[in-house]
Amino acid sequence: MLRVGLTGGIGAGKSTVAHRLAEHGAVLIDADALARQVVEPGTDGLAEVVEAFGAEVLAEDGSLDRQALAARAFADEESRRRLNGIVHPRVGARAAEMMERAAPDAVLVHDIPLLVENGLAAHYHLVIVVDAEEDVRVRRLAESRGMSEQDARARIAAQAEERQRRAAADVWLDNGGAPDIVLSAVDALWADRLVPFEANLRLRRPRAQRSPVITPHDGSWPAQAERALARVRLAAGERVVRADHIGSTAVPGLPAKDVLDLQLTVPTLADADALAEPLNAAGFLRAEGHWFDDPQDGGDPARWDKRLHTGADPGRPVNLHVRSAESPAWRLALLFRDWLRAEPVERDAYAEHKRRLAEAHAADGTVFGYADEKQGWVNAAFQRAEDWAARTGWSPA
């Protein structure tokens, strides 16, 4: 099933987004609600909280006094870690039970306030971050929870910074304005991305072919690639030799098709085959057919065989090239990238060549003719790149 991580800072209005997704049919797992359940009166979770922070965190009726707990638990980093160590494992177990009960075609939305802080982004096919300016969040916390400004800002400061959340976000939703604005964005996200993403994943449906379109370099491509690579590394586990962002989107200033090229290097092609299903499940679907790199050394062509996976997310096209460490191709992909980064004249010549070919193949409906014709330029460039490597002492970093 499609697993979506939903997060945002306190007071950002994450619940507005969560409820809208649930209205559309998402299966919502609310970590805050589960966190309350695991420390209800009579639970072992509440008993452990009292043992750790004292009976002063209890209300007169024996329930948890959350403000009293917050005053103690958010006083320092060690206290936060102690509370998280009590609550998070129990929340995780409850969430796992709910996931087991969900239908195979579910869009599962896991509402986790500390998703970024706990480094959980790679465990989800997509991460949605809800945000609002700090002053807006402080005002909301005062109105909805009766917090003082000092307490609200302390709670905000204890969570991840905007920079950290942006690094984890596949989707960034600004919820600082009128509710209708963010709700409209959620509606479009559901229809245009989440529903087709789930179907692509469940049906193992490959990305639709289209003619090549060259766009200006996007400075966010490397960050997008790193999010995808984190998911690849998690799925591949101990079989990873290395995982890299390659191709034109990895070269600053180089126009490219808006498709991330990633490379997973594994010990052998047998390892690549063993990873087919884990990568499928992570959202990188195995492409049918015989895939190989254009042989450059005149040797055994089988050494250049590879496996290709494509991303199931319609909002972020990805090509994942899975290559054996026994093949020369993994090194050559890194060399070509680094050479273009170091040689602006070659980068610009490549950009012009790609533009001409994209125009020539604009009506094809696929990229195959474009790619085949481009390969001649690339093959000739490989020798210039090798000369540059010998001259500079380059080796894969």
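These are my notebook entries on a predicted model, covering its overall make-up, one sheet, one helix, the nonpolar cores and some salt bridges.

**Entry 1: ground rules.** I number residues from 1 along each chain as its sequence is written, and I take side-chain values from heavy atoms, with hydrogens and water left out. Because the model is predicted, I accept local features at pLDDT of at least 70 and side-chain atom pairs only at pLDDT 80 or more, whereas totals for chains, interfaces and linings use all residues.

**Entry 2: the whole protein.** I looked up the secondary structure and found 15 helices and 11 strands, both taken as DSSP runs numbered from the N terminus (helices H or I, at least four residues; strands E, at least two). Along the principal axes, the C-alpha atoms fill a box of roughly 80 × 45 × 45 Å. Of the 397 residues, 46% are buried, where buried means under 20% relative accessible area, exposed over 50%, and partly exposed in between (1.4 Å probe, protein chains only). I then turned to contacts (heavy atoms within 4.5 Å): among those with a separation of 6 or more, 72% are between residues 24 or more positions apart.

**Entry 3: the sheet.** I traced an open sheet of five strands, whose order is β2-β3-β1-β4-β5 and whose pairing is parallel; two strands count as paired if DSSP finds at least two bridges between them. The edges are held by β2 (27-30) and β5 (171-174), each with a single partner strand, so one side of each has no neighbour in the sheet. From one strand to the next the twist averages 20 degrees, with axes fitted as lines to C-alpha atoms (for helices over the stretch in contact) and angles running from 0 to 180 degrees between N-to-C directions. At the β2 edge, I noted four bridges to the parallel strand β3 (residues 107-111), and I found L28 opposite V109 in β3.

**Entry 4: helix α3.** Which residues of helix α3 are buried? In this helix (residues 44-53) they are G45, L46, V49 and F53. They lie on the same side of α3, because they cover an arc of only 95 degrees around the axis, the arc being that of the directions from the helix axis to the C-beta atoms. D44 and E51 are exposed on the other side of α3. I checked what the buried residues pack against, and found α4 (66-73) and α5. After α3 comes G54, with a positive phi near 95 degrees.

**Entry 5: nonpolar cores.** I use "nonpolar core" for a set of buried Ala, Val, Leu, Ile, Met, Phe, Trp, Tyr and Cys residues joined through side-chain atoms within 4.5 Å. The largest such core has 30 residues, and those with the most contacts inside it are V39, V49, F53, L64, L69, L83 and L115. Elements giving two or more residues to this core are α2 (31-37), α3, α4, α5 and β4 (126-131), and α5 supplies the largest share, five residues. I followed L83 further: leaving aside its neighbours within four places in sequence, L83 is in contact with V49, F53, L69 and A73. A second, separate core has 25 residues, including V107, V109, I128 and L183.

**Entry 6: salt bridges.** I counted 37 salt bridges in the structure, each defined by a side-chain nitrogen of Lys or Arg within 4 Å of a carboxyl oxygen of Asp or Glu. How far apart are the closest N and O atoms of E346 and R384? The distance is 2.9 Å in this salt bridge. Since E346 lies in helix α14 (residues 344-360) and R384 in helix α15 (residues 368-392), the pair ties together parts that are 38 residues apart in sequence. E346 is buried at a relative accessible area of 17%, whereas R384 is partly exposed at 31%.

I also noted a network in which salt bridges with shared partners join E77, E78, R80 and R81. Within this network, E78 bridges to R81 with the closest N and O atoms 2.9 Å apart, and both residues lie in helix α5 (residues 77-101), three residues apart, about one turn of the helix. E78 is partly exposed at 40% relative accessible area, and R81 is partly exposed at 48%.

The last pair I looked up was R233 and E226, whose side chains meet in a salt bridge of 2.8 Å, N to O. R233 is partly exposed at 31% relative accessibility, and E226 is partly exposed at 39%.
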